[in-house]
Amino acid sequence: MAAVLAQRAILDVKNVHLAFGGVVALAGVDLQVDPGEIYSIIGPNGAGKTTMLNAISGVFRPTQGSIHFAGRDCTRLRTQHMAGLGIARTFQNLALFRGMTVEENVLVGRHALMRAGVFECGIHFGRARAEEKRHRGNVAAILEFLGLSHAAREPADKLPYGLQKRVDLGRALAVDPKLLLLDEPMAGMNHGEKAALMALVTELNRGRGITVILIEHDMGVVMSLSHRVAVLDHGVKIAEGTPAEVSADERVIHAYLGSEEEVH
Amino acid sequence: MGELMFGIELLITGMLIGLMYSMVALGFVLIYKASSVFNFAQGAMTLFAALTVVGLIPHVGFVWSLLITAVVMCVVAVGAERIVFRPLMGSSQLTIFMGTVGFASILEGAAQMIWGTKPRGLKLGIPAEPLKLGEVFVSKPDLISAAIAGLLVIAIILFFKRTKIGLGLRAIADDPAAAQVVGIPLHRVWAVAWALAGMVAIASGVLWGSRIGVHFAMSLIALKALPVLIIGGIDSVAGVIVAGLIVGAAEALGEGYIGTHIGGGVQDVIAYVVALLFLMFKPSGLFGQAAIQRL
């Protein structure tokens, strides 16, 4: 039975509840993300979108429900094990390692894939050296893909904002992800930067077959990138479907426009 | 000419001792980089390590004594991380700092129970007669101690720059959440940082112990590291080395030139005067990151 599930959804979120003290953030959310799709989660502020990403990446454990990734139950796994499974994410508010260069930031992303232990690395011969060469090559390829090669040796926190967002993405790609969670990747970007980043996400998805879950406020971006869209409101999924279906949905329109009236 | 040689001699001696300050300060930097905590217990760890080495020498000899102490310090450091600091993670910095103060008391108490309070000497068997370089005399024990301290500092820099765990440590220090997302095991990396701080404590304990004897005032060695940390920046290995050299040189020159006119004790004051100037004009230190919260 599990095998049948595994063939379809790469990520299977079932009836997930999450509460902080008395505040309910997620109240029974189901999501099935198919391999190779770009799946967006939208909703008004406080709808539970980032909480959902945090539940998937193991930062918070659901109080109820289950999360399966590639057929494997990872409801109770810790964050640090997610990278090894092939789940990577970027952060809404930049979370770069400030004391490091761009190259080092991305290299840290390889951590889960590095085998050699402390002493071997220290001695720096044989297997460890070959391994480091491989990882550095991988990092160089990622930097080139993101157009960051020229800045490889610069301190990450000295780059302009748009490029820092790319370093964040580069670190996630270094994990060799099967599933990439993007938390508002376009926030604070100008029109040109958004277009460039959209092209990169499309290439990652079509060219490399990486499944993407996207949280984004810019509806233009969501509608043109996504294969399917889920709408959260107050911790509940109120709609799901193609961009066209969702944008015509009564409840969605109400959730976005109606909330203004409720405020008074 | 003799005046100049006197100055050079002071400068060299000062900088050699300065490297040993750097080494002590390095123990603080290690823990700070890993968990943003000022580890008040580093001095007590140094004392505990020195007492263990000295206490074991009559039974097993110098080399075995060092090896056994290394194991003991690993157990103590990793145990402290597990039992004292892991449960405190996420508390305020002041709470964790108080945890390190408590840990220091426990260590000192344990050291007293196991080894007693009698001061002990520690002979490393380095010939005491000075080395003559041209017109300048340099103390051999100082030279060798400084060389060992220097090697240790280099080893730790390479560790941070070139190893997987070292890179993980820096990542965790910068952003624990992002570090965990890329698969860095927080607790294992912390344990390694504490164990390394334990090794630094052994080196500091043995080298300082051979200089000033092994006794309980040794845990005050942290006071020597404090100005070095302020000047260099508590999160910067490079800064701590440069600061150690500055403090050592300032102390020796101050003692040699000013101390002869106004009496002794200048040595103990001058490092703090320099540190105070830094606090007023460059509070993040020479190389430290500007955003550090000071306790």
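In chain A, among contacts between residues at least 6 apart in sequence, 67% join residues at least 24 apart. Two residues are in contact if their C-beta atoms, placed from the backbone, lie within 7 Å.

This is a predicted model, in which local features need pLDDT of at least 70 and side-chain atom pairs count only at pLDDT 80 or more, while totals for chains, interfaces and linings use all residues. Residues are numbered from 1 along each chain as its sequence is written, and chains are lettered from A and ligands numbered from 1 in the order in which they are written. The model scores ipTM 0.75 and pTM 0.77. Chain B has an average pLDDT of 84, and 96% of its residues score at least 70; pLDDT is the predictor's confidence in each residue, from 0 to 100. Where pLDDT is low, the predicted coordinates should not be read in detail.

## Chain A

Chain A contains 11 helices and 10 strands. Helices (H or I, at least four residues) and strands (E, at least two) are DSSP runs, numbered from the N terminus. Chain A has 264 residues, of which 42% count as buried. A residue is buried if 20 or more other C-beta atoms lie within 10 Å of its own, exposed if 12 or fewer, and partly exposed in between, with C-beta atoms placed from the backbone.

An open sheet of four strands in chain A has the order S2-S1-S4-S5, with antiparallel pairing. Its edge strands are S2 (23–33) and S5, each of which pairs on one side only. Two strands count as paired if DSSP finds at least two bridges between them. Strands of a sheet pair through backbone hydrogen bonds, either parallel or antiparallel. S1(A) and S4(A) are joined in the antiparallel sense over five bridges, and A:Leu11 stands opposite A:Phe69 in S4(A).

Strand S1 (residues 11–20) of chain A includes A:Asp12. A:Asp12 counts as buried because it has 20 C-beta neighbours inside 10 Å. From A:Asp12 to A:Arg208 there are 196 residues in sequence and 21 Å in space, C-alpha to C-alpha. A:Asn15 also lies in strand S1 of chain A. A:Asn15 has 13 C-beta neighbours inside 10 Å, so it counts as partly exposed. A:Ala70 sits in the loop between strand S4 (64–69) and strand S5 (72–73) of chain A. With 17 C-beta neighbours inside 10 Å, A:Ala70 counts as partly exposed.

Strand S9 (residues 228–233) of chain A is mostly covered, with five of its six residues buried. S9(A) pairs in the parallel sense with strand S3 (residues 38–42) of chain A over four bridges. In this pairing, A:Ile41 stands opposite A:Ala230 in S9(A). S9(A) is also joined by five bridges to strand S10 (residues 236–241) of chain A, and these two run antiparallel. A:Leu232 has A:Lys237 in S10(A) as its bridge partner. S9(A) and S10(A) form a hairpin with two residues between them.

Helix H2 (residues 49–56) of chain A is largely enclosed by the rest of the structure, because seven of its eight residues are buried. The buried residues of H2(A) include A:Lys49, A:Met52 and A:Ile56.

Several residues in the two chains have a positive phi, as listed here.

| Residue | Place | Phi |
|---|---|---|
| A:Asn15 | strand S1 of chain A | about 50° |
| A:Ala70 | loop between S4 and S5 of chain A | about 50° |
| A:Gly58 | just after H2(A) | about 80° |
| A:His234 | turn between S9(A) and S10(A) | about 50° |
| B:Ser36 | following H1(B) | near 55° |

## Chain B and the contact

Helix H1 (residues 2–35) of chain B has 34 residues and should span 50 Å at 1.5 Å a residue; its end C-alpha atoms are 50 Å apart, which agrees. The expected span of a helix is 1.5 Å times one less than its number of residues. H1(B) has a kink of about 25°, centred on B:Ala25. The bend at a residue is the angle between axes fitted to the seven residues ending there and the seven starting there.

The contact between the chains takes 26 residues from chain A and 22 residues from chain B. On the side of chain A that touches chain B, helix H3 (79–85), helix H4 (102–108) and helix H5 (118–123) each supply at least two residues. H3(A) gives the largest share of this side, four residues. The residues on this side of chain A divide into 13 nonpolar, nine polar and four charged. Ala, Val, Leu, Ile, Met, Phe, Trp, Tyr, Cys and Pro count as nonpolar, Asp, Glu, Lys and Arg as charged, and the others, Gly among them, as polar.
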